[in-house]
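Welcome! Here is a short tour of a structure that may be new to you. Take a moment to look it over, then read on.

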Amino acid sequence: MTKTSKKISPATKPDTKVVHASVNPLEHEGMANIPVYHTSTIMKPNLDDYRQGRGKYDYGRKGTPTSQATEEAVASLYKMDDCVATPSGLSAICLAISSVLKSGDHALFPDSMYGSGRRFIDNVLPQMGISVGIYEPSITADELTAHFQDNTRLFYLESPGSLTFEMQDIPALTTCAHDHQCLVAIDNTWATAMYFDAVKHDMDIVIEAGTKYISGHSDVSMGFVISSGNTAHTIRQYAQNTGICVAPDEHYLAMRGMRTMALRLRQSEENGLALATWLEQQPEVIQMLHPALPSHPGHHHWQRDFSGSSGLFGFVIDPNIPIMAIDSMADNLDWFGIGASWGGHESLISQGRFKRTVSSIPDGTLLRIYAGLEDKDDLIADLQAGFQRMRGANT
Ligand SMILES: Cc1ncc(COP(=O)(O)O)c(C=O)c1O
């Protein structure tokens, strides 16, 4: 008897998928993991095969067994037809948006969109002849209707919003956008496929920064655009026409990270909730920005639409606390690095810089925490000592 490849189906649970997706050792001489093919040239047996483009692979940039494995695994996690890997989360945002729009079109984006994506839509889309509308993230479907124009072709969601963590009414807004003949795209980096079912919620395009939870070790820059049917074809063609591809070592690291993603995400979630619950009790914290806390104004949307929360959240410190007191808290933490990005093994703290037309965030200092995989008691003790330093520096 010969062992055949894994029988992953749409019904296979996500925890099983992340471990087994794209694992076909017998297609790779029995190697347990997918080999890293470093290649640009792919040789053909004869000139006629080359001329006719015969064979599964054609040219390194267009796909290898290494890149195909990651793309198929992410597509299967999302239960969608195709996934295009890109060199960063930002390039995934840019690919998703520019591939489905053309000059003369209009598209709608939430005010809470990821900052670098916001710079793309503000600065680059107008150069392409595409006009942009910004809507308030907690808008209702009734209010949204007025934002559509005859040429609106794309409606973009990001829930929770970057830095400010507003939750959106995804089902109502999506129905409204589809009624207006728009494609709906979501930046699903915060929840990942593990905690938000994009197909169940009728998404046409999903964007995920693989830099975060999928690769998971702060050593990869990567993005994914996932979709189905004609939309998937359009995105794949655009990516090929513009030469988007990712180096094989990045693919390998992303796949290696994905194998433990379910476990890491749960630990990060548990630690994040423990830290947020502790922070909420501190008198200097005037607002928590964590959708899984009942105090969050969009908690009911999170509860209805998501099956878990990631370890990334924000909180606002009283505007009367001077910044040097906050610095003395953050600068001397033992287990929290100070830096951008998130989704890796280590905890991080940073300060949010954001621009919003309308903001639900009170005045004060907005800090962001990413809860990594350390022991949560160590993390809380670290924050406790930090808050003592902040109080000391403020007397
Ligand atoms: C929600 C979200 N989307 C996209 C990105 C962009 O990912 P990358 O840093 O890989 O470009 C980020 C990065 O922080 C993010 O937080």
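Helices and strands here are DSSP runs, numbered from the N terminus, with at least four residues for a helix and at least two for a strand. With that numbering in hand, you can find P160 in the loop between β4 (152-158) and α7 (170-179). Please keep in mind that this is a predicted model. The briefing begins with the ligand, moves on to the pocket, and then returns to that loop.

**The ligand and its neighbours**

- The shell around the ligand is made of 13 residues, and the closest are G89, L90, D187, T211 and K212.
- Sorted by class, this shell holds 5 nonpolar, 5 polar and 3 charged residues.
- Helix α4 (residues 89-100) provides the largest share of the shell, with 3 residues.

**Polar contacts with the ligand**

- At D187, a polar side-chain atom is 2.7 Å from a nitrogen atom of the ligand.
- L90 takes part through its backbone: one of its polar backbone atoms lies 2.8 Å from an oxygen atom of the ligand.
- W342 brings a polar side-chain atom to 3.1 Å from an oxygen atom of the ligand.
- On its own the ligand has 390 Å² of accessible area, and the protein covers 88% of that area.

**The largest pocket**

- Where does the ligand sit? You will find the ligand in the largest pocket.
- The volume of the largest pocket is about 1000 Å³.
- Its lining counts 43 residues, and those nearest the centre of the pocket are Y114, G115, S116, S162 and L163.
- By class, the lining of the largest pocket is made up of 14 nonpolar, 17 polar and 12 charged residues.
- Which element gives the most to the lining of the largest pocket? That is α5, with 6 residues.
- At least two lining residues come from each of α4, α5 (115-124), β6 (205-209) and β11 (347-351).

**The loop between β4 and α7**

- Back in the loop that holds P160, the peptide bond joining S159 and P160 is cis, with omega at about 0°.
- F165 also has its place in the loop between β4 and α7.
- What is notable about phi of F165? Phi is near 60° there, a positive value in a residue other than glycine.

Notes. Residues numbered from 1 in each chain as written. Predicted model: local features only at pLDDT ≥ 70, side-chain atom pairs only at ≥ 80, totals over all residues. Heavy atoms only, no water. Near = heavy atom within 4 Å. Polar contact = N/O pair within 3.5 Å; in protein donor to acceptor, adjacent residues only side chain to side chain. Areas by Shrake-Rupley, 256 points an atom, 1.4 Å probe, with all protein chains shown as cover. 1 Å grid on protein atoms, 1.4 Å probe; cavity = no way out; pocket = protein on both sides within 12 Å on 5 of 7 lines; lining within 4 Å. Sits in = over half its atoms within 2 Å of the grid points. Nonpolar A, V, L, I, M, F, W, Y, C, P; charged D, E, K, R; others polar. Points joined across faces, edges and corners; volume = space filled by probe spheres on them.
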